[in-house]
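Here is the note that was asked for on the contacts in this model, set out as numbered points.

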Amino acid sequence: MEESCTLPRAATACIAERQDSIQTAGKSRTRIHCADDSLAGSVSQRACVFCGARVVLNPVTDAVHLIHGPVGCATYTMDIRGSLSSGSELFRTSFSTDMKEKDVIFGGEKKLAACIDEVVEKYHPPAVFVYATCVSGMIGDDIVAVCKAASARHNTDIIPVESSGFISGNKVVGYRAAAEALLRLIRPKEGGTIEKTQKINFLGEYNLGGEKWLAERYLREIGIEINVAFTGDSTVAALKRAPSACLNLVQCTGSMHWVAQNLERTFGTPYMDVNFFGPENTAESLRRIAAFYDDTAMMERAEALIAREMARIRPAIEKYRARLRGKRAAIYVGGAYKAIAIIRQLRGLGMEIALTGTQTGKADEYESMSRILSEGTIIIDDANPAELEKFLLEKHVDVMIGGVKERVLAYKLGIGFVDHNHDRKDGLAGFEGAVRFAREVYVTTCSPVWERARSPAPGGEAHAR
Amino acid sequence: MPGENAAPVPGRAKQVNENQCNMCMPIGGVVAFKGIKNAMVLVHGSQGCSTYMRLANVEHFNEPFDIASSSLNEKQTIHGGEANLKKAMDNVIRVYQPNVLGILTTCLAETMGEDLDRIVASYIEEKKIAGIDIIPVPTPSYSGTHAEGFWAAARGIVAYYARPASSHRRINVIIPNISPADIREIKRILGLMGLEYTLLPDFSMTLDRPFGGKYQKIPTGGTPAERIAEMPGAPVTIQFGTTCPDSLSPGRYLEQEYNVPLVNLPLPIGLGNVDLFVETLANVSGNPVPEELALERGWLIDGMADSHKFNADGRPVVYGEPELVYAFSMACAENGAMPVVISTGSKNSLLKERLAPLVLNADEPPVVLEEADFAAVAAAALGAEANIAIGHSGGKLLTERYGIPLVRAGYPIHDRIGGQRILSAGYRGTLAFLDRFTNTLLEHKYATYRQKIKEELCTAEGV
């Protein structure tokens, strides 16, 4: 543990074993400990492998998502995404094999087969994703074999998702399980050929609050069509056409880099990282996409769009920047791509970043994050409430960006909060989304509520901050 | 094991569960432990379980809700989770410094066959643990719902602490998973009736804390262990658990082991049910019913009279945890809004038994479903032409897909603010519920009646 000795005192962990997972940006940079299983008893904010697979695949709108396990896993992930659909709403129905004690003892394969038969007969879906959970994995149910037999029986894609929760304490492993299921789905039939088009795929875009539709509007204006998004507002048929795209854009790198790499290897489609969070990121992404086509007219249309939209949002952004300048923010989100985009956006609003962290960041991602942060910013991998509370107070944070579990913590401390979670209902991407984000940061950071909350009660004392 | 030979539930597909109406056993258990003073919970299983439970509870209570996990991975799943569980206990004790540590199993730990009692005993011995009560409760998800998990933990807690005690005046009051607002109302009534009591589990302060500008790792409040230990010396136990099976019943345990008489009452929701409660308290205390409660009763009846004609148009679907379902069904029925569907995700024969008189005397007997999913609830609701629903947020699909408005009550409420503040207990709570119910009916009626009548009568040929 010699590395931890060089860390500044300000960043002491609540549990000694967690010390190497906390870093302070600045000169005495050490390598952060990350991408490992959560420490037992640390009250990690992370979910599980199954959850990772579920959030990636759930937005496939017309598929049946059948969870093979006791009822809880399905209940907790029922309608978990804020993904919007232009067609089928079947993805919002939560199917579970509802394993009981009997199934655990005698095996759940029969019940699974019966459930598949039932949903296929009732809904005639183009595909069924069958998710393994802890229990079905533990008792050794061969979901691959059950799915294969059911596929043959119904002449439908019945795709196993090997997402047993205990495989790892890291959701990223679930992203991989989902990716494998997607690749299985889009694998072309023997001897089939794929004709390339000028369209693109948009990977790691989940259409939260219609964000995919917004990107689609921009791209269409500059002359580019989206073939299919992975997986926001996607259908099984559209996903199967994925190999016909000439380029894969990757937004959520955590969940989709691996898919992009596989698509490149199998179908020769190149990929490019993009990011539509924040006006600068959106502008850069549009430029790079247009440049890929090497078409002057297209690049001009992109520049025109960027100039117009930037001009349109500037007054609003300026207004919020004037009020937010110098405020201190904390960021704790799922993945690093999102954290980096948010850092940039908050900086654009004149704010300081006091703390940032992720559930699933990788070493190189933390490295690039650390490079853009100013000296003294705390960086945490796989944080827990005790650490978050400690640093929120130590760093005098004014607003936090995170998910639901962090929200109540922030509010309890009298700190503003912005939801940047997978179940949020409002789109935060693109130029319009940037304004919406800035507004949300403003209304919560500068809410009159905090002043009231800290004001003395009649005849009493003020609450300490 | 319950549920073995059940005939297929009408309306429910034979095997698949489509939109779940209940959650898993351990989440009920963690809520019960949060009602014990200076308690922390640890869930023995993979990391996701505790995170999901935290999320669901955070959304419902709008409070931080820490749950530790033993974070089992593949290796421990094969070789046993003892080391991880012990490490988890180490870390939780270090950071949270609890006096009580509840350990709940998940389906994973149960399937692995983890011997919790042995692991905990060896941990206490190895680490010379003193001053911390570690209470393991088996809660395998495939054996019951969150309602059973709650009772199992409450019983486990009572069984752990209860000791032969000398007689005292404090009555035992044992509650199911109700809102902190309901707990406070029940406590207020107990106080008005001049009774001393031990209420278990009491999460009215731990899961609904006033703003204080700080976060307590373990919020103050909850039933103290010393009080639980003395529950065997109480003159009586009042338990709101008419649908709680004996094997999970904390009140029954106290009766069987320590001869504390058990009065199982329905939740005090609905005039009749509150009357039963108040009457019982009057008998137990020998005190008259105070003016304040009498006034509240009068206001409730006045409110019932004001709204009875509107309520007669109500065709409610009531779903959720058995104990709540029973209470709300009775409250609807006494207001002239006879439920058309009564449903629970639990397998619970006691609920059917309790509902039998209601069903028998109804002009139009309600459909009663157990072990039901929302596909079954929706099918039954449409079949019975239901026009209002009462239950937790899972029923939002009834509104979204079929236009049946939902009066939110129970647990969990995750798509509205203030699940912890929904008050339905006592005369005051019942009136508040009734107003919510009637106004939902009225809102729906006023929003649609013009169009409806127009479509019905003002056709092109007609006028």
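The points below take up first the contact between the chains and then a contact between two domains within one chain.

1. This is a predicted model, and the points that follow should be read as computed from its coordinates. The contact between the two chains takes 70 residues from chain A and 69 residues from chain B, and the area buried between chain A and chain B is about 5800 Å², with carbon and sulfur atoms giving 60% of that area. On the side of chain A, Tyr76(A), Phe166(A) and Lys412(A) supply 14% of the area that this chain buries against chain B, which is more than any other three residues supply.

2. As to polar interactions across the interface of chain A and chain B, the rule finds seven salt bridges, and one salt bridge is that of Lys100(A) with Glu371(B), where the closest N and O atoms are 3.3 Å apart. Between chain A and chain B the count of residue pairs in polar contact, with both residues at pLDDT 80 or more, is 28.

3. The elements of chain A that give two or more residues to the side touching chain B include α2 (49-57), α3 (71-76), β3 (95-96) and α17 (404-412), while the largest share of that side, seven residues, comes from α5(A). By class, the residues of the side of chain A that touches chain B divide into 38 nonpolar, 15 polar and 17 charged.

4. Strand pairing also crosses between the chains, since β3(A) and strand β1 (residues 17-18) of chain B pair in the antiparallel sense over two bridges. In this pairing Phe95(A) stands opposite Glu18(B) in β1(B).

5. Within chain B, the domain assignment gives domain 1 (25-143), domain 2 (171-208 + 219-285) and domain 3 (291-448). The C-alpha centres of domain 1 of chain B and domain 3 of chain B lie 35 Å apart, and the contact between these domains takes seven residues from domain 1 and nine residues from domain 3.

6. Domain 1 of chain B and domain 3 of chain B bury about 670 Å² between them, with 50% of it on carbon and sulfur atoms. In domain 1 of chain B, Glu59(B), His60(B) and Asn62(B) lose the most area to domain 3, together 70% of what that side buries.

7. Across the interface of domain 1 of chain B and domain 3 of chain B the rule finds zero salt bridges, although six residue pairs are in polar contact there, both residues of each being at pLDDT 80 or more. On the domain 1 side of this contact, α1 (25-33) and α2 (47-61) of chain B each supply at least two residues, and α2(B) gives the most, with four residues.

Note on methods. Residues numbered from 1 in each chain as written. Chains lettered and ligands numbered in written order. Predicted model: local features only at pLDDT ≥ 70, side-chain atom pairs only at ≥ 80, totals over all residues. Heavy atoms only, no water. Contact = heavy atoms within 4.5 Å. Buried area = accessible area lost by both parts, 1.4 Å probe. Salt bridge = Lys/Arg side-chain N within 4 Å of Asp/Glu carboxyl O. Polar contact = N/O pair within 3.5 Å; in protein donor to acceptor, adjacent residues only side chain to side chain. Nonpolar A, V, L, I, M, F, W, Y, C, P; charged D, E, K, R; others polar. Domains from an automatic or database assignment.
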